[in-house]
Protein chains: 2
Amino acid sequence: MPETQFAVASAAAPPLASLTRPARLPARSRVVGENFTLLFEGGRNRSLFRVLDGCIVLSQLLDDGRRQITDVLGPGRLFGFTIDGRNIATAETLSIARIEALGDAELLANNSAIAGELKTTLHRLQAHATLLGRKTASEKVASALVELSRIFSHSGRNGNPARLSFHLHLTRADLADWLGLTVETVSRCLNRFKREGLIDFSHPKTMRLLDPERLEAAAGFTRQRLAGSGRPPS
Amino acid sequence: MPETQFAVASAAAPPLASLTRPARLPARSRVVGENFTLLFEGGRNRSLFRVLDGCIVLSQLLDDGRRQITDVLGPGRLFGFTIDGRNIATAETLSIARIEALGDAELLANNSAIAGELKTTLHRLQAHATLLGRKTASEKVASALVELSRIFSHSGRNGNPARLSFHLHLTRADLADWLGLTVETVSRCLNRFKREGLIDFSHPKTMRLLDPERLEAAAGFTRQRLAGSGRPPS
DNA sequence: AAACTGCGTTGACAGCTGTCAACCCTCCTC
DNA sequence: GAGGAGGGTTGACAGCTGTCAACGCAGTTT
């Protein structure tokens with residue numbers, strides 16, 4: 001495997017973003033290797049987990065093996081939600097990842113925060129459903145690049161400059177499973193964007209956005225905010 | 001319009017719910033007409049709502065008008081979740097519907113119930129993402145029929161017999177927007193299922209499942225439960 | 001009764017994306 | 001260094017599904 005951005009770091013000290021709780025890590029924090037399945041859909045689980053570092057994806061399988069990645073999680077996101085004690089989704093690492101289990105006390109204390117996370121996830125999943133159902137292959141790949149840059153760029157102090165370059169944790173196959181495409185289509189789109197000067201990559205996973213604005217346009221915006229307010233029925 | 005299950009009620013008074021508060025319903029309950037947009041994505045809203053009767057869909061729009069229905073709600077489901085006071089999704093009625101606003105007191109009292117509803121919705125949305133990204137047109141339509149029969153069949157005392165016949169609240173266009181297809185493809189699939197004896201409908205919205213088992217098979221199951229338990233990382 | 005509208009169905013055709021295959025490259029093992 | 005495995009790219013081709021168009025039908029209006 002090509003060294004991930006954690007390879008060196010995890011050898012020495014905590015890598016990038018030893019954020020959240022750099023020193024004295026809580027006892028429940030844990031480092032997990034690449035391509036490791038943390039939770040199985042339908043499996044029993046009594047904890048919530050927070051991503052401290054790295055990349056984790058949630059997925060679902062059809063009986064014949066078709067896979068759909070439903071969300072890509074970066075630092076800060078929570079996962080491990082259950083219904084009747086059973087995991088809603090399969091969770092696997094795409095990089096060396098650091099995660100933290102949330103204890104019951106924390107759960108209760110952060111109850112509204114957890115509801116907020118649930119709503120955020122709901123919102124993301126809705127947007128992704130729109131992508132899956134109503135966007136073309138090009139729009140899907142462009143959307144993915146914009147989204148992943150937001151999740152995994154080391155948000156530079158100014159915001160913009162650092163956003164241009166980031167590590168694509170997903171393989172072409174992962175991207176395909178996320179976007180409802182095939183590896184070939186993903187590859188073709190990426191290389192077309194490269195030829196057109198929208199993006200650049202030497203290593204397949206080292207991505208740089210050369211023209212974020214055109215890329216966002218190519219992503220086919222979802223309307224972010226409606227100008228008018230809603231019409232509450234009461 | 002063909003009579004919905006509410007047609008009688010609406011015949012007495014003006015068809016499209018001018019009725020707001022028919023008989024002695026709880027103060028916050030309300031009847032809304034067909035094809036009425038209750039909430040706009042991005043609009044302000046301070047209440048949660050519960051569907052008491054009828055059919056409500058959540059949707060999202062792209063700038064050019066492409067629409068994606070992200071969930072279909074029947075009796076019992078909650079909607080109106082917000083992030084920063086802004087609606088996550090657009091909500092519109094597909095039938096005359098009865099809804100109920102949940103007050104703050106109820107909200108606090110039902111906090112865990114609400115988290116449960118959020119998780120249920122998350123689960124449904126995930127399954128739908130898998131449908132959108134990884135199922136064929138036939139599988140999508142078959143899945144939709146099975147799903148809608150579960151939501152809208154008047155759950156007979158025995159369960160099964162009543163499940164066979166139900167009112168399809170969605171038009172072909174709604175189905176298309178839900179499944180990420182076109183009306184033509186939806187229509188072709190439905191009529192093929194009809195020719196093959198899987199379903200039957202005289203009126204386009206009066207659906208009957210003649211062979212639920214074959215239909216479920218045609219839907220391409222998502223693996224419901226994993227035998228083994230998950231592997232919690234702590 | 002005629003015309004109109006919305007919705008649904010059906011056919012012909014096109015094209016986007018999937019399928020199949022070959023090949024390249026890097027990394028790893030032996 | 002040879003060989004193998006995994007991931008990525010590219011080309012040829014096919015087919016599923018979208019596009020475009022015509023038509024039917026029911027309900028409503030004029």
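**View 1. The protein surface around DNA strand C.** In this predicted model, 18 residues surround DNA strand C, and the closest are Ala137(A), Thr185(A), Arg172(B), Ser187(B) and Arg188(B). A residue is near a strand if one of its heavy atoms lies within 4 Å of it. Sugar and phosphate make up 67% of the atoms of DNA strand C that come within 4 Å of the protein. The residues of this surface divide into six nonpolar, seven polar and five charged. Here Ala, Val, Leu, Ile, Met, Phe, Trp, Tyr, Cys and Pro count as nonpolar, Asp, Glu, Lys and Arg as charged, and the others, Gly among them, as polar.

Residues are numbered from 1 along each chain as its sequence is written, while chains are lettered from A and ligands numbered from 1 in the order in which they are written. Because the model is predicted, local features need pLDDT of at least 70, side-chain atom pairs count only at pLDDT 80 or more, and totals for chains, interfaces and linings use all residues, while side-chain values use heavy atoms, with hydrogens and water left out.

**View 2. Polar contacts to DNA strand C.** A polar contact is a pair of N or O atoms within 3.5 Å; within protein, one must be able to donate a hydrogen and the other to accept it, and residues adjacent in sequence count only if both atoms are side-chain atoms. The side chain of Glu184(A) has an N or O atom 3.0 Å from a base nitrogen of DNA strand C. Two side chains of chain B face phosphate oxygens of this strand: Arg172(B) at 2.8 Å and Asn191(B) at 3.5 Å. The elements that give two or more residues to the surface near DNA strand C are helix H7 (183–195) of chain A, and helix H6 (172–179) and helix H7 (183–195) of chain B. H7(B) gives the most, with four residues. Helices (H or I, at least four residues) and strands (E, at least two) are DSSP runs, numbered from the N terminus.

**View 3. The protein surface around DNA strand D.** Of the 17 residues around DNA strand D, Arg172(A), Ser187(A), Arg188(A), Ala137(B) and Thr185(B) come nearest. Sugar and phosphate account for 65% of the strand's atoms that come within 4 Å of the protein. Phosphate oxygens of DNA strand D lie 2.9 Å from an N or O atom in the side chain of Arg172(A) and 2.8 Å from a polar side-chain atom of Ser187(A). A base nitrogen of the strand lies 3.0 Å from a polar side-chain atom of Glu184(B). H7 of chain A and H7 of chain B each supply at least two residues of this surface, and H7(A) gives the most, with four. The surface near DNA strand D holds five nonpolar, seven polar and five charged residues.

**View 4. A salt bridge between the chains.** The side chains of Glu139(B) and Arg66(A) meet in a salt bridge, 2.8 Å from N to O. A salt bridge is a side-chain nitrogen of Lys or Arg within 4 Å of a carboxyl oxygen of Asp or Glu, and the count over all chains comes to 26. Glu139(B) lies in helix H4 (residues 137–152) of chain B, and Arg66(A) in the loop between strand S4 (56–61) and strand S5 (67–73) of chain A. Glu139(B) is buried, with a relative accessible area of 14%, whereas Arg66(A) is partly exposed at 23%. Buried means under 20% relative accessible area, exposed over 50%, and partly exposed in between (1.4 Å probe, protein chains only).

**View 5. Salt bridges within chain B.** Arg67(B) and Asp174(B) form a salt bridge of 2.5 Å, N to O. Arg67(B) lies in strand S5 (residues 67–73) and Asp174(B) in helix H6 of chain B, so the pair ties together parts that are 107 residues apart in sequence. Both Arg67(B) and Asp174(B) are buried. In another salt bridge, the closest N and O atoms of Arg150(B) and Glu216(B) are 3.7 Å apart. This pair links helix H4 to helix H8 (residues 212–218) of chain B, with the two positions 66 residues apart in sequence numbering. Arg150(B) is partly exposed at 45% relative accessibility, and Glu216(B) is partly exposed at 22%.

**View 6. The surroundings of Thr93(B).** Thr93(B) lies in strand S9 (residues 90–93) of chain B and is buried, at 0% relative accessibility. A polar atom of its side chain lies 2.6 Å from the backbone oxygen of Gly33(B).
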